[in-house]
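Please look over the sequence and the 3D structure below before reading on. The report then moves from single residues to the overall fold.

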Amino acid sequence: MRSTPLIRKFYRLKRSRLKVKTTKSLLLKDCTKLFNKIILKERINKCEWCGRTKRLNIGHILPKGQYPRLRYFKQNVILFCFPCHPPRWHNNPLEAAKFMLETRGENYREKLLVYDKILPRLTNIQIGLYILAFKQEINLRRNVQNTSSSQSPHTPD
Ligand SMILES: [Zn+2]
């Protein structure tokens, strides 16, 4: 294939687009890992629906694809186990609505929509800021744990 200026321009453009996409997906991967760690710890490694402790995964109340600003918003996530997350949550809307009402109260989705208007757009810079904040939160918690465990020795059974 002959390389014309137009073809060269096309490949340059393609490369630069690819680079941008990769940066964002790497940042999202890092950020999600930290965020999930915090959620698992906060919700004591238990499915919020059935209490199982195995094969846990994090589900979004308002879907992260449609509402990217709420992707790392704690109030928008639920810790599920695998048997609860795709089958019950996605395929049984009546049961899911009942669960939402019992655990989150009325009009919860509408309340979340307000935050979708307030929270910043998920740009690379914003993801970077979340990463820093989550790292700080994890470290802070680790320090608190260390000091509390050194101050209160285990009592024998
Ligand atoms: Zn479950």
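## Two residues with positive phi

A residue is called buried if 20 or more other C-beta atoms lie within 10 Å of its own, exposed if 12 or fewer do, and partly exposed in between. The model shown here is a predicted one, and the cut-offs can be tried out on N45, a residue in the loop between helix 1 (5-42) and strand 1. Because N45 has 13 C-beta neighbours inside 10 Å, N45 counts as partly exposed. The backbone of N45 also deserves attention, since its phi is positive, at about 50°, although N45 is not a glycine.

A second residue can be read in the same careful way, namely N107, which is placed in the loop between helix 3 (93-104) and helix 4. N107 has 10 other C-beta atoms within 10 Å and is therefore exposed. Its phi, near 50°, is a positive value in a residue other than glycine.

## Y108 and helix 4

Helix 4 covers residues 108-118, and Y108 is found in this helix. Is Y108 buried, exposed or partly exposed? With 16 other C-beta atoms within 10 Å, Y108 falls between the two cut-offs, so it is partly exposed.

Distance along the chain and distance in space can be set side by side for Y108 and I61, which are 47 residues apart in sequence, while their C-alpha atoms are 9.2 Å apart in space.

## The paired strands

Strand 1 (residues 56-60) and strand 2 run antiparallel, and five bridges join them. One of the pairings can be followed in the model by finding H60, whose bridge partner in strand 2 is V77. Strand 2 takes in residues 77-81 and is mostly covered, with four of its five residues buried.

## The protein as a whole

How many helices and strands make up the secondary structure of the protein? There are five helices and two strands, and a reader who follows the sequence meets them in the pattern α-β-β-α-α-α-α.

The protein has 157 residues, of which 13% count as buried. Contacts give another view of the fold: when those between residues at least 6 apart in sequence are considered, 71% of them join residues at least 24 apart.

Conventions
Residues numbered from 1 in each chain as written. Predicted model: local features only at pLDDT ≥ 70, side-chain atom pairs only at ≥ 80, totals over all residues. Contact = placed C-beta atoms within 7 Å. Pairing = 2+ DSSP bridges.
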